[in-house]
Structures are given as structure tokens and as C-alpha cells.
Amino acid sequence: HHIYFVDCYQKESSAYEGSTSKVNEQEAEVAIALLKELDKASNELVKSGRLKVSKEKKIDERPSAGIICTYGDQAGLIKKKRRYAQFSGFSGKQDEKLIISTVDDFQGDERDIIIVSMVRNPAQGKRFDLEFIRKFERINVALSRARKLLIIVGSKNFLAENGIIDLPDMEGKVPSRRVHVFREIIDTVYFRGRVLTANDII
């Protein structure tokens with residue numbers, strides 16, 4: 001499959017008191033576990049000769065990879081968790097190296113493998129702002145950076161229920177129509193890919 005959705009149930013939190021940025025510990029754990037599995041698979045392909053790597057001939061067929069987060073503090077948390085992990089199965093090309101960043105910083109960049117951490121899953125009864133998951137431009141950037149494999153990590157129920165955007169018409173006028181964008185994305189993953197749970201990964 002070229003697209004997966006990993007359903008996470010853990011609630012979001014703030015990285016520190018007073019911060020408006022959000023983190024999701026379980027999604028961070030899933031992202032690192034996925035990186036490790038993908039790295040292992042790539043290294044096995046290199047050992048078997050199915051992927052070629054030669055510094056002398058300047059050949060590097062290992063896949064490039066990146067993690068995109070909707071919040072800066074989540075990118076920081078994932079970077080912290082991967083600090084001592086070595087990922088030799090991913091591309092060593094200068095402009096293709098493993099990157100962990102935010103949606104806004106990733107604009108215009110691409111990788112073979114992209115893991116998107118959606119982060120949002122507020123506790124029941126808590127007030128929340130949906131600006132980050134309702135901006136179609138940001139959704140477009142986050143989900144269009146993968147060349148070969150896209151893995152979306154997030155709360156299936158929360159996104160399906162709350163990920164409703166006012167899609168503009170061709171002239172940019174809003175609202176043209178209301179779209180349950182994440183419900184449609186998840187339905188597409190069921191049809192064309194595979195939906196897993198956090199427990200399947202960690």
C-alpha cells in the first residue's frame with residue numbers, strides 16, 4: 001500500500017504551561033516506531049542488493065523520509081525522541097536527508113516517505129481551536145509531500161467528526177461548499193490503503 005492511517009487514541013497536551021502549541025506523546029512514539037521499522041526494511045533491501053549504495057559511484061537508492069507535524073512543539077518532541085537513534089536506511093543525499101519539521105516549514109519540499117502527525121485530540125469537554133486542521137492549504141501541503149508512501153498518524157474519530165472545511169470555489173470565494181475532508185481522506189485510505197491502530201505499531 002502507498003497510504004496508511006494510524007489511529008491514535010491518546011489525548012493531546014501542551015508541551016509546557018501556557019503554551020498554545022500542542023503535543024501528542026502517543027503520536028510521537030508511533031512516528032519514531034514507524035521510522036525504525038522503515039529504516040530496518042530499507043537496510044535489509046540494501047543488504048540484499050535490491051537497493052544500491054556506493055559513495056565512490058555516488059549512488060544512493062535508499063528512500064528519503066520526513067515527518068511533518070501540525071505543531072512546532074510536536075516536531076520538537078519527535079526530534080527529542082529520535083536524538084540518539086541512527087537511521088542508516090534513509091537517503092544520505094544532502095537535500096534528501098531525514099527531516100522532522102512543521103507543515104509550514106515543509107512547503108515546497110518532498111520526500112519518498114512522509115509521516116504526518118496530526119496531533120489534535122482534545123480531552124472531552126475542553127474548548128479547542130480547529131484552525132490548524134481546517135485550513136485546506138495546510139492540509140494540501142501536509143498530504144502532498146510524499147512521492148511513494150504517506151502515513152497519516154492521528155485520531156480517526158476526532159478528525160472525522162471535526163475536520164470540516166469551507167472549500168472555496170475557483171475564484172477563491174468562501175464558502176463554496178462544506179467538505180468533511182478528513183472523513184473523505186480516511187474513507188480513501190480504507191479503500192486504497194490500510195488503517196492501523198497505535199497498538200499495531202508500538
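Helices and strands here are DSSP runs, numbered from the N terminus, with at least four residues for a helix and at least two for a strand. With that in hand, welcome to a few exercises on this predicted model.

**Exercise 1. Place Glu12 in the fold, and decide whether this residue is buried or exposed.**

Solution.
- Step 1: Look for the elements on either side. Glu12 sits in the loop between strand 1 (3-7) and strand 2 (13-14).
- Step 2: Check the surface. A residue is called buried when its relative accessible area is under 20%. Glu12 has 13%, so Glu12 is buried.
- Step 3: List the neighbours. Leaving out residues up to four places away in sequence, Glu12 touches Lys22, Val23, Asn24, Val119, Arg120, Asn121 and Pro122.
- Step 4: Look at the polar atoms. The side chain of Glu12 comes within 2.7 Å of the backbone nitrogen of Asn121, and a polar contact of 2.8 Å links the side chains of Glu12 and Arg120.
- Step 5: Now try a residue elsewhere in the chain. Glu12 and Ser91 are 79 residues apart in sequence, and their C-alpha atoms are 32 Å apart in space.

**Exercise 2. Follow the contact to Arg120 and find which side chains make polar contacts with the side chain of Arg120.**

Solution.
- Step 1: Arg120 belongs to the loop between strand 8 (111-117) and helix 4 (131-134).
- Step 2: With a relative accessible area of 4%, Arg120 is buried.
- Step 3: One polar partner is the side chain of Glu12, at 2.8 Å. Another is the side chain of Tyr71, at 2.9 Å.
- Step 4: Widen the view to contacts of every kind. Beyond four places in sequence, Arg120 touches Glu12, Lys22, Tyr71, Phe128, Asp129, Ile133, Ser155 and Phe158.

**Exercise 3. Describe the surroundings of Val23.**

Solution.
- Step 1: Val23 is part of strand 3 (residues 22-23).
- Step 2: The relative accessibility of Val23 is 8%, so Val23 counts as buried.
- Step 3: Apart from neighbours within four places in sequence, the contacts of Val23 are Glu12, Ser13, Ser14, Ala15, Asp73, Gln74, Leu77 and Val119.
- Step 4: Compare sequence with space. Val23 and Gly76 are separated by 53 residues in sequence, and 9.1 Å lies between their C-alpha atoms.

**Exercise 4. Work out what is notable about the phi angles of Lys58 and Val119.**

Solution.
- Step 1: Start from the usual case. Most residues other than glycine have a negative phi.
- Step 2: Read the two angles. Phi of Lys58 is near 55 degrees, a positive value, and Val119 has a positive phi of about 70 degrees.
- Step 3: Locate them. Lys58 is in the loop between strand 4 (53-54) and strand 5 (59-60), while Val119 is in the loop between strand 8 and helix 4.
- Step 4: Compare their surfaces. Lys58 is exposed, with a relative accessible area of 77%, whereas Val119 is buried at 0%.

**Exercise 5. Decide whether Arg111 and Gly108 are buried or exposed, and find what lies around them.**

Solution.
- Step 1: Arg111 is in strand 8, and Gly108 is in the loop between helix 3 (103-106) and strand 8.
- Step 2: Arg111 counts as buried at 4% relative accessibility. Gly108 is exposed, with a relative accessible area of 70%.
- Step 3: A polar atom of the Arg111 side chain lies 3.0 Å from the backbone oxygen of Lys97. The contacts of Arg111 outside four places in sequence include Ser64, Asp95, Phe106 and Arg145.
- Step 4: For Gly108, take the C-alpha distance to Val141. The two are 33 residues apart in sequence and 8.2 Å apart in space.

**Exercise 6. Step back and describe the whole protein.**

Solution.
- Step 1: The protein has eight helices and twelve strands.
- Step 2: A compact globule of 202 residues would have a radius of gyration near 17 Å; the protein has 18 Å, which agrees.
- Step 3: The C-alpha trace spans about 55 × 40 × 30 Å along its principal axes.
- Step 4: Buried residues make up 48% of the 202 residues.
- Step 5: Of the contacts with a separation of 6 or more, 75% are between residues 24 or more positions apart.
- Step 6: For the charges, the mean positions of the 35 positive and 30 negative ones are 4 Å apart.

How values were computed: Residues numbered from 1 in each chain as written. Predicted model: local features only at pLDDT ≥ 70, side-chain atom pairs only at ≥ 80, totals over all residues. Heavy atoms only, no water. Rg over C-alpha atoms; globule rule 2.2 N^0.38 Å. Buried < 20%, exposed > 50% of the residue type's maximum accessible area, 1.4 Å probe, protein only. Contact = heavy atoms within 4.5 Å. Lys, Arg positive; Asp, Glu negative; His and termini not counted. Charge placed at Lys NZ, Arg CZ, Asp CG, Glu CD. Polar contact = N/O pair within 3.5 Å; in protein donor to acceptor, adjacent residues only side chain to side chain.
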